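Please open the structure in your viewer and keep the selection panel at hand. The stops below say what to select and what is found there.

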Amino acid sequence: MTTFPERLKSLHSTPERVAVTLQFSNTDDLPITVDQLLRGASPYAGALAKAGIQPGEVVVLILQHSEVLLYAFWGAILHGAIPSIMPFLTEKLSPERYRADLSALISVTQPAAIITYPEFESEVRSALQEGDSVRQVIITNQVETSTELDFDSLLGFQRKPEDIVLLQHSSGTTGLQKGVALSHQAVFNQLNAYGKALTLNENDVIVSWLPLYHDMGLIAGFLTPILLGVHLVLMSPFDWVRAPYKLMQSVSKYRGTLSWLPNFAYNFCAQKIRDRHLEGVDLSTWRAVINCSEPVRWESHQAFYEKFKPYGLKLETLQVSYAMAENVFSVTQSSLGSIPAVVELDRETFMSERVAKSPVDGRPAMKMMSSGRPLENVKVKIVDANGNAVADRVIGEVAIQSDCMLTSYYHRDDLTQKAFVDGWYLTGDYGFMVDGEVFVSGRKKDMIIVGGKNVYPQDLESLTYEVPGVHAGRSVAFGMFDEEQGTEDVVIIAEVNSEDPAEQQKVADAIRLHVTKNSAIALRYVKVVDSKWILKTSSGKTARSANKEKFLAELTRS
Amino acid sequence: MTETISSLATFIASKILKQPNRAITADESLISSGLIDSFSLMDLALYVEDTFGVRIEDTELNADTFDNLTQLASLIESRKA
């Protein structure tokens with residue numbers, strides 16, 4: 001077994017190999033060799049040492065898509081510190097909320113240092129409090145650009161495989177309270193098993209636009225290629241969302257072989273890329289595009305395939321994985337080179353009896369796509385409410401066991417203990433199995449997944465209560481699947497006292513703005529209603545599913 | 001110009017905000033206020049191209065290029081010419 005620093009050192013045996021090519025919207029692509037990566041990273045290790053940061057302490061990185069983000073991350077690793085990448089403040093987010101989220105993260109995670117840009121220093125300092133854990137704010141322009149590479153002086157080489165190597169935080173207020181702590185060993189166990197499932201080899205080229213503060217971006221689109229010696233072509237999510245065709249152009253230019261996308265991106269690319277941006281594009285080298293991190297839709301694969309078939313895309317390139325940060329990343333993977341299994345089900349028994357039966361003639365059927373089979377180091381079982389395994393085709397909670405599980409939710413032993421029952425990690429996802437294939441069908445918790453980002457309805461509802469005119473307990477948030485977009489849309493319904501349409505419009509606008517500025521999502525559907533619209537349970541709690549049904553019924557009637 | 005603004009306003013209210021009755025004033029900020037998110041900016045650019053035959057490049061999809069309907073309509077008019 002090895003550690004990240006040991007692996008980096010062995011990769012340095014081919015110093016001139018290009019490890020990463022960074023892409024930007026306005027400047028030329030920037031190839032970074034293994035040697036440059038390590039020489040760029042080592043000054044960050046030095047800066048952390050000089051600042052008195054000890055190996056094993058957490059360092060939060062608040063940096064955008066850049067060379068510096070790469071160097072700071074691997075510098076922290078070489079020093080033996082535990083890096084955690086925090087999303088950068090965007091135009092849409094309110095700075096006050098960002099500061100509050102950062103303070104919340106600091107209070108739970110207790111980082112010893114934060115690394116950021118000079119322009120952002122005052123923002124970071126304003127989130128710090130007297131007596132908190134942060135001893136140093138390291139400013140990127142004060143770190144040397146390159147130093148001699150002296151492996152012997154780097155403290156990261158004293159780390160053991162079972163030590164924590166990094167933390168992953170998911171987005172959203174609730175997510176920030178839970179840093180997923182992973183060990184060197186867990187990450188390598190995942191990479192070895194996953195690499196095998198993907199038949200990953202030195203000729204592969206991974207092309208990614210995914211943000212590094214999510215597991216899909218961090219593991220599949222960053223650590224996998226770098227630690228396994230595969231060329232990574234990396235662009236910024238902010239550039240991609242404005243120019244999704246750049247993914248195809250990059251695959252064509254660098255002869256990309258693998259990419260990961262959340263389901264909505266298949267629809268987004270199929271609908272929004274103009275043919276003129278695809279002139280001369282050749283996608284025939286792409287051997288797997290893996291759908292992951294939100295419910296997978298067969299229809300989305302079809303749309304994507306039809307759009308890009310003329311450019312050499314093969315149907316068997318479209319693949320599926322079921323993944324989560326707690327298992328480092330992938331739990332299951334469809335078999336590369338063949339088309340993921342799709343089952344047809346009787347809709348009614350699926351909904352009412354929670355069984356995935358074959359369709360009955362004359363009754364509505366539905367198609368579900370498999371997420372593939374468990375990796376060789378992962379066991380999956382489907383359990384009922386008492387934790388007992390259920391038969392094939394019966395829906396239950398997905399439970400997993402593997403040698404690549406999280407060490408803990410960092411500083412949250414309460415949550416870590418609750419997550420495991422008899423040595424099995426309960427995922428909170430519902431699903432069923434058919435002949436060893438895992439189908440994920442829903443979620444136990446009221447979590448909403450919008451474009452691959454997880455948000456909690458209770459967080460969104462709390463935000464609406466901060467809007468003047470909306471009273472606590474009088475709004476409800478839920479997700480509604482949007483067929484065209486291939487992902488969920490968030491709906492918020494809020495009661496106000498006024499029946500004046502102009503006043504209601506004002507409150508609706510204020511809610512939309514406030515939620516958009518203070519959460520990871522952009523809110524589209526806001527409905528302001530008269531008092532007594534929202535259905536409550538007998539105990540006075542808001543019944544989200546009942547309110548969703550009422551909203552959908554009104555929507556179809558209108 | 002007025003027609004351009006009203007056509008844009010209708011598109012944004014019905015397709016992006018999903019509130020067809022929502023009035024959008026000519027000087028209301030769209031991007032910096034968070035009314036239009038980055039995913040919807042693409043939709044707006046495609047609509048402008050299909051309706052007015054004017055291209056807005058992806059690097060221009062930000063509040064510095066246009067942030068309200070008056071600015072967007074002027075951009076469209078200037079490129080039509």
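Begin in this predicted model with the largest nonpolar core, which has 168 residues, and select A:Val59, A:Leu61, A:Ala72, A:Val490 and A:Ile492, the members that touch the most others. Then colour helix H3 of chain A, residues 67–79, since the largest share of this core, 10 residues, comes from that helix. Staying with A:Ala72 and leaving aside its neighbours within four places in sequence, you can pick out its contacts, which are A:Tyr44, A:Leu61, A:Leu63 and A:Ile115. Apart from this core lies another one, of 20 residues, and to find it you can select B:Ile24, B:Leu61, B:Leu69 and B:Ala73, which are among its members.

Next, show the domains of chain A in separate colours: the domain assignment gives domain 1 as 29–177, domain 2 as 343–443 and domain 3 as 448–557. The C-alpha centres of domain 1 and domain 2 of chain A lie 36 Å apart, and the contact between these two domains takes 5 residues from domain 1 and 4 residues from domain 2. On the domain 1 side of that contact, helix H4 (95–109) and strand E7 (164–169) of chain A each supply at least two residues. By class, this side of domain 1 has 3 nonpolar and 2 polar residues, with no charged residues.

Within strand E7 of chain A, select A:Leu166. Is A:Leu166 buried or exposed? A:Leu166 counts as buried because it has 26 C-beta neighbours inside 10 Å, and a residue needs 20 or more to be placed in that class. Not counting residues up to four places away in sequence, A:Leu166 touches A:Ile82, A:Pro83, A:Ser84 and A:Leu182. If you then draw a C-alpha to C-alpha distance from A:Leu166 to A:Asp29, you span 28 Å in space between residues that are 137 apart in sequence.

Now move to a pair of helices in chain A, H7 (residues 184–197) and H8 (residues 215–228), whose axes come within 11 Å and cross at roughly 85 degrees. An angle of 65 to 115 degrees counts as roughly perpendicular, so H7(A) is roughly perpendicular to H8(A). To see where they meet, select A:Val187, A:Leu191, A:Tyr194 and A:Gly195 in H7(A), together with A:Leu223, A:Thr224, A:Leu227 and A:Leu228 in H8(A). The contact between the two helices has 6 nonpolar and 2 polar residues by class, and no charged residues.

A further stop is helix H11 of chain A, residues 263–272, which is mostly covered, with 7 of its 10 residues buried. The buried residues to select in H11(A) are A:Asn263, A:Phe264, A:Ala265, A:Tyr266, A:Asn267, A:Phe268 and A:Cys269. Around them, show strand E11 (258–261), strand E12 (288–291), helix H12 (298–308) and strand E27 (487–496) of chain A, against which these buried residues pack.

Finally, show both chains and select the place where they touch: 15 residues of chain A are in contact with 16 residues of chain B. On the side of chain A, helix H9 (237–242) and helix H16 (501–518) each supply at least two residues, and H16(A) gives the most, with 4 residues. If you colour this side of chain A by class, you will find 5 nonpolar, 4 polar and 6 charged residues.

Note on methods
Residues numbered from 1 in each chain as written. Chains lettered and ligands numbered in written order. Predicted model: local features only at pLDDT ≥ 70, side-chain atom pairs only at ≥ 80, totals over all residues. Core = buried A, V, L, I, M, F, W, Y, C linked by C-beta atoms within 7 Å. Buried ≥ 20, exposed ≤ 12 C-beta atoms within 10 Å, placed from the backbone. Contact = placed C-beta atoms within 7 Å. Axes fitted to C-alpha atoms, helices over the stretch in contact; angles between N-to-C directions. Parallel < 35°, antiparallel > 145°, perpendicular 65-115°, else oblique. Nonpolar A, V, L, I, M, F, W, Y, C, P; charged D, E, K, R; others polar. Domains from an automatic or database assignment.
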